[in-house]
Amino acid sequence: MKRRFEPAGPLRGRVTPPPDKSISHRAALFGAMSDEPVRIVNYLGADDTLATLDAIRSLGAGIEEDNGDVLVRGVGLRTAAPTTGGILNVGNAGTLLRILPGWLAGQPGGIWRLDGDESIRRRPVERIVEPLRLMGARVDAREDRFPPLVVEGAELTAIEYELPVASAQVKSCVLLAGLLAEGETAVTEPQQSRDHTERILCRARVPFERDGLTLRVSPVDELELDDVVVPGDPSSGAFLAAAACVVPGSRVLLDGVALNWTRTGFFRIAERMGAVIVGDLEDPSNPSATEEPVGELDIAQAPLEGTTVEPAEVPLAIDELPLVALLGCFAEGETVVRGAEELRVKESDRIAGVVDGLRALGADIDATPDGFAVRGGGGLDGGELDSRGDHRMAMLGAIAGLASRRGVEVEGMEAAAVSYPGFEEAIRSLVG
């Protein structure tokens with residue numbers, strides 16, 4: 001489906017981003033693992049997160065949906081319903097594909113086959129296969145690297161594991177397996193990644209501790225989780241914020257957005273580039289152990305300057321790095337992103353997609369092995385951008401159109417529904 005986005009005048013208005021996708025996934029999974037019902041307030045009703053509800057329903061959980069809220073009647077930590085080779089369809093949900101096996105791996109006697117759409121079959125899974133095998137699970141993947149992924153539950157043994165690449169999904173998978181393993185499981189990440197799983201573990205009263213970049217978890221018999229309130233998604237809100245940064249005269253307010261410091265890397269980068277961003281971002285030196293901070297962000301357009309995004313910043317802005325490239329097109333000087341190889345194994349190769357897409361619109365941009373470099377100042381002329389079926393790329397094209405001189409036609413705009421079903425309506429509300 002093609003959509004055309006014309007150049008816009010100043011964007012003005014107040015928008016509440018859709019519920020956070022990462023937290024919605026995790027809340028549903030933890031609800032399924034709990035003995036008592038868990039109410040999830042403001043659950044994201046998008047393709048990816050609905051796939052998670054379907055998956056836990058297949059595992060025996062009861063699901064009651066009520067006007068944006070979801071009540072999950074779980075099956076307990078150790079009693080996921082076994083199948084005999086039946087498929088758990090994860091759709092296009094990479095988070096579900098990589099986190100759920102951690103729970104399934106510790107269910108002796110169960111066999112599950114995780115599969116999804118054409119895009120998910122290109123998403124590598126070897127980084128969860130390795131630690132789960134070390135813990136004693138039997139896990140098979142196509143070419144030992146790609147879905148379909150077959151998980152055969154087993155009695156697990158704790159490990160001490162160092163992640164080769166910072167990944168909240170892989171980290172979460174190993175931590176969930178650790179809840180079912182004998183002994184204390186330790187996971188060390190090279191850089192900090194988003195910490196929603198850790199906060200939910202603490203809320204669920206799991207024996208858990210953090211020592212720098214090392215996390216430790218011990219086995220439990222059951223989880224005790226209260227209601228979960230899902231805040232607005234900062235990754236989705238970042239697209240509207242980026243529009244406010246590059247369309248002259250704009251001012252946009254984001255309401256009810258998550259301000260967890262491990263999710264606000266893009267806003268800090270944009271601020272460093274010169275964007276005016278007012279709001280109480282969580283202090284990295286004093287984060288909450290259990291709660292997800294929520295608040296308002298006020299974003300206004302201002303002259304931008306190029307910057308360099310270093311590898312340690314990448315996990316905290318991984319989904320928004322395409323927007324850094326967009327801001328770089330309008331910034332004076334060069335904008336460089338380093339250490340972002342992970343972008344090549346998202347829903348599409350986002351390094352190639354961003355570089356090819358923005359270059360077709362008039363950007364002076366080159367790919368590097370681990371990121372990209374943009375020479376800015378000239379803005380964007382306009383043209384066509386292929387989303388490649390990737391929701392982030394579709395929304396990038398739309399925002400580029402608003403800030404361009406001739407407008408942008410986006411191929412595959414329907415992909416935005418994966419994470420932001422009301423994206424086009426939000427844009428229209430700001431264009432006025």
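One cavity of 30 Å³ or more turns up in this structure, which is a predicted model. The largest cavity holds about 30 Å³ of space. Its lining is made up of Arg98, Pro124, Val125, Glu126, Arg127, Ile128 and Val170. Helix H4, residues 126-134, gives the largest share of that lining, with three residues. By type, the lining of the largest cavity splits into four nonpolar, no polar and three charged residues.

Now turn from the cavity to a pocket. The second largest pocket has a volume of about 190 Å³. Its lining counts 13 residues, and Asp195, Glu198, Arg210, Ser288 and Ala289 lie nearest the centre. Two elements, helix H6 (196-203) and strand E14 (208-211), each supply at least two residues of this lining. The lining of the second largest pocket holds six nonpolar, two polar and five charged residues.

Helix H6 deserves a look of its own. Six of its eight residues are buried, so H6 is largely enclosed by the rest of the structure. The buried ones are His196, Thr197, Glu198, Arg199, Ile200 and Leu201. Glu198 thus appears twice: it is buried in H6, and it is among the residues nearest the centre of the second largest pocket. What covers the buried residues of H6? The cover includes helix H1 (21-33), helix H5 (168-178), E14 and strand E15 (214-217). Strand E14 therefore has two roles here, since it also supplies at least two residues of the pocket lining. After H6 comes Arg205, with a positive phi near 65°.Helix H2 is another helix to trace. H2 covers residues 47-58, twelve residues in total. From first C-alpha to last, H2 reaches 17 Å, close to the 16 Å expected at 1.5 Å a residue. Which residues of H2 are buried? They are Asp48, Thr49, Ala51, Thr52, Leu53, Ala55 and Ile56. Gly60 follows H2 and has a positive phi, near 110°.

Next, the nonpolar interior. In soluble globular proteins, nonpolar side chains tend to be buried together. Here the largest nonpolar core has 74 residues. Phe266, Leu321, Leu358 and Phe423 have the most contacts inside this core. Take Phe423 as an example. Leaving out residues up to four places away in sequence, Phe423 touches Phe239, Leu240, Met395, Ala398, Ile399 and Met413. Apart from the largest core lies another, of 72 residues. Met33, Tyr43, Trp112 and Ala137 are among the residues of that other core.

Phe423 also serves as a reference point for Gly362. The two are 61 residues apart in sequence and 24 Å apart in space, C-alpha to C-alpha. Gly362 sits in the loop between helix H10 (350-360) and strand E22 (364-368). Is Gly362 buried or partly exposed? Buried would require a relative accessible area under 20%. Gly362 has 48%, so it is partly exposed. Beyond its neighbours within four places in sequence, Gly362 is in contact with Gly379 and Leu380.

Glu334 can be read in a similar way. Glu334 lies in strand E21, residues 334-337. With 42% relative accessibility, Glu334 counts as partly exposed. Setting aside neighbours within four places in sequence, Glu334 is in contact with Gly306, Thr307, Ala373, Val374 and Arg375. Glu334 and Ala312 are 22 residues apart in sequence, and their C-alpha atoms are 19 Å apart in space.

Finally, some details of the backbone. Pro147 and Pro148 are joined by a cis peptide bond, with omega about 5°. Pro148 belongs to strand E9, residues 146-152. The loop between strand E8 (138-142) and E9 holds Asp144. Asp144 is not a glycine, yet its phi is positive, about 60°. Its relative accessible area is 40%, so Asp144 is partly exposed. Arg388 also is not a glycine, and has a positive phi of about 60°. Arg388 is placed in the loop between strand E24 (383-386) and helix H11 (391-403). At 36% relative accessibility, Arg388 counts as partly exposed.

Note on methods
Residues are numbered from 1 along each chain as its sequence is written. This is a predicted model: local features need pLDDT of at least 70, side-chain atom pairs count only at pLDDT 80 or more; totals for chains, interfaces and linings use all residues. Side-chain values use heavy atoms; hydrogens and water are left out. On a 1 Å grid over the protein atoms alone, a cavity is a set of points where a 1.4 Å probe fits but cannot get out, and a pocket is an open set with protein on both sides within 12 Å along at least five of seven lines; lining residues have an atom within 4 Å of a point. Grid points are joined across faces, edges and corners, and a volume is the space filled by probe spheres set on the points. Helices (H or I, at least four residues) and strands (E, at least two) are DSSP runs, numbered from the N terminus. Ala, Val, Leu, Ile, Met, Phe, Trp, Tyr, Cys and Pro count as nonpolar, Asp, Glu, Lys and Arg as charged, and the others, Gly among them, as polar. A nonpolar core is a set of buried Ala, Val, Leu, Ile, Met, Phe, Trp, Tyr and Cys residues joined through side-chain atoms within 4.5 Å. Buried means under 20% relative accessible area, exposed over 50%, partly exposed in between (1.4 Å probe, protein chains only). Contact means heavy atoms within 4.5 Å. The expected span of a helix is 1.5 Å times one less than its number of residues.
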